[in-house]
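Work through the exercises below with the model open beside you. Try each task before you read its solution.

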Amino acid sequence: RIYNNAFIGFLTGISVAPAQGGPTYIFRNVVADWHPSQSKAFQGYPFKFNFKSAFTTDWVYLYHNTCHTARPGQPGFLFKSYSKWRGVVSRNNIYAGTGYALESWPRSKFPVDFDYDDLYTADPKRLITWGGKKHGTLADYSAATGQEKHGVSAPPGFVDATKGDYRLAPGSAVIDKGVVIPGVNDDHAGAAPDLGAFEHSP
């Protein structure tokens, strides 16, 4: 279990490459300000799944993480390659970047289950690219893949990300947009859980 941490300023934030045995639960973390490598040869990204190993990455559950960077040209979430993972489940997260909000390089199908997340990018010309196919709207992506049927694509509305305050401001578009996960967010404050690491208290 990896939870209640703040990872700030990095190339790759949390790695499950590999994580054999599992399951691995990654929840209520702030993962922020990732950036490219010094040579600019590699993009930064919040979670690392790609690896070259005989080992596997068994089930990974991503719940209520706040992922945000303002560094230019950085994806909100990136799958570089399918590397023997059993399944990746994503619920109630914020993925906010400046390149594609969600980017996956592999062209083959692989086991993922994404829903109830906020996929946002500061670049109005890019939203999602999945296996070589670009999707300009969340509805188009959902229709093509079955993913994020209850997701949103909106500015998260933080109190002040420039000062590292990733709590949700009143009126944020991601308040009450999550789904109940027993044992994880039963104590949510509003009509439904909020997205990201912090529950907004009216």
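The exercises that follow use a predicted model.

**Exercise 1. An open sheet**

Task: Find the order of the four strands in the open sheet, and say which strands are at its edges.

Solution:
- Step 1. Trace the four strands across the sheet. Their order is 9-12-15-16.
- Step 2. Check the directions. The pairing is mixed.
- Step 3. Look for strands that pair on one side only. These are strand 9 (78-79) and strand 16 (133-135), the edge strands.
- Step 4. Zoom in on strand 9 and strand 12 (residues 102-104). They pair in the parallel sense, over two bridges.
- Step 5. Pick Phe-79. Its bridge partner in strand 12 is Ser-104.

**Exercise 2. The nonpolar cores**

Task: Which residues have the most contacts inside the largest nonpolar core?

Solution:
- Step 1. Take the core as a whole. It has 28 residues.
- Step 2. Pick out those with the most contacts inside it. They are Phe-47, Phe-49, Leu-62, Phe-77 and Phe-79.
- Step 3. Ask which elements give two or more residues to this core. They are strand 7, strand 13 (112-115), strand 15 (128-130) and helix 1 (138-145).
- Step 4. Look beyond this core. Another core, of twelve residues, lies apart from it; Ala-32, Ile-94, Ala-96 and Ile-175 are among them.
- Step 5. Return to Leu-62. Its contacts farther along the sequence than four places include Ile-26, Val-88, Val-89 and Tyr-95. Phe-47, Phe-49 and Phe-77 also touch Leu-62.

**Exercise 3. Phe-49**

Task: Decide whether Phe-49 is buried or exposed.

Solution:
- Step 1. Locate the residue. Phe-49 is in the loop between strand 6 (45-48) and strand 7.
- Step 2. Read its relative accessible area, which is 2%.
- Step 3. Compare with the cut-off. Buried means under 20%, so Phe-49 is buried.
- Step 4. List some neighbours, leaving out residues up to four places away in sequence. Phe-49 touches nine such residues' worth of company, including Val-16, Ala-17, Trp-85 and Val-88.
- Step 5. Compare sequence with space. Phe-49 and Gln-74 are 25 residues apart in sequence, and their C-alpha atoms are 17 Å apart.

**Exercise 4. His-64**

Task: Where is His-64, and which side chain does its own side chain meet in a polar contact?

Solution:
- Step 1. Find the loop between strand 7 (60-63) and strand 8 (66-68). His-64 is there.
- Step 2. Check accessibility. His-64 has 0% relative accessibility, so it counts as buried.
- Step 3. Find the polar partner. The side chain of His-64 contacts the side chain of Asn-92 at 3.1 Å.
- Step 4. Look at other residues that His-64 touches, beyond four places in sequence. Among them are Phe-27, Arg-28, Val-184, Pro-193 and Gly-196.

**Exercise 5. The two sides of helix 1**

Task: Why do the buried residues of helix 1 count as being on the same side?

Solution:
- Step 1. Name the buried residues of helix 1. They are Leu-138, Tyr-141 and Ser-142.
- Step 2. Take their arc around the axis. It covers only 100°, which puts them on the same side of helix 1.
- Step 3. Recall the general rule. An α-helix has 3.6 residues a turn, so residues three or four places apart point the same way.
- Step 4. Turn to the other side. Ala-139 and Ala-143 are exposed there.
- Step 5. Ask what covers the buried residues. The cover includes strand 12, strand 14 (118-121), strand 15 and strand 16.
- Step 6. Step just past the helix. Gly-146 takes a positive phi of about 80°.

**Exercise 6. Salt bridges**

Task: How many salt bridges does a search of the whole structure find?

Solution:
- Step 1. Take the total. The search finds five.
- Step 2. Inspect one pair. Arg-86 bridges to Asp-58, with the closest N and O atoms 2.9 Å apart.
- Step 3. Place both partners. Arg-86 lies in the loop between strand 9 and strand 10 (88-91), and Asp-58 in the loop between strand 6 and strand 7, so the pair ties together parts 28 residues apart in sequence.
- Step 4. Check exposure. Arg-86 is partly exposed at 47%, whereas Asp-58 is buried at 12%.
- Step 5. Try another pair. Asp-113 and Arg-91 meet at 3.1 Å, N to O. Asp-113 is in strand 13 and Arg-91 in strand 10, so this pair links parts 22 residues apart in sequence.

Definitions and conventions:
Residues are numbered from 1 along each chain as its sequence is written. This is a predicted model: local features need pLDDT of at least 70, side-chain atom pairs count only at pLDDT 80 or more; totals for chains, interfaces and linings use all residues. Side-chain values use heavy atoms; hydrogens and water are left out. Two strands pair if DSSP finds at least two bridges between them. Buried means under 20% relative accessible area, exposed over 50%, partly exposed in between (1.4 Å probe, protein chains only). A polar contact is a pair of N or O atoms within 3.5 Å; within protein, one must be able to donate a hydrogen and the other to accept it, and residues adjacent in sequence count only if both atoms are side-chain atoms. Contact means heavy atoms within 4.5 Å. A nonpolar core is a set of buried Ala, Val, Leu, Ile, Met, Phe, Trp, Tyr and Cys residues joined through side-chain atoms within 4.5 Å. The arc is that of the directions from the helix axis to the C-beta atoms. A salt bridge is a side-chain nitrogen of Lys or Arg within 4 Å of a carboxyl oxygen of Asp or Glu.
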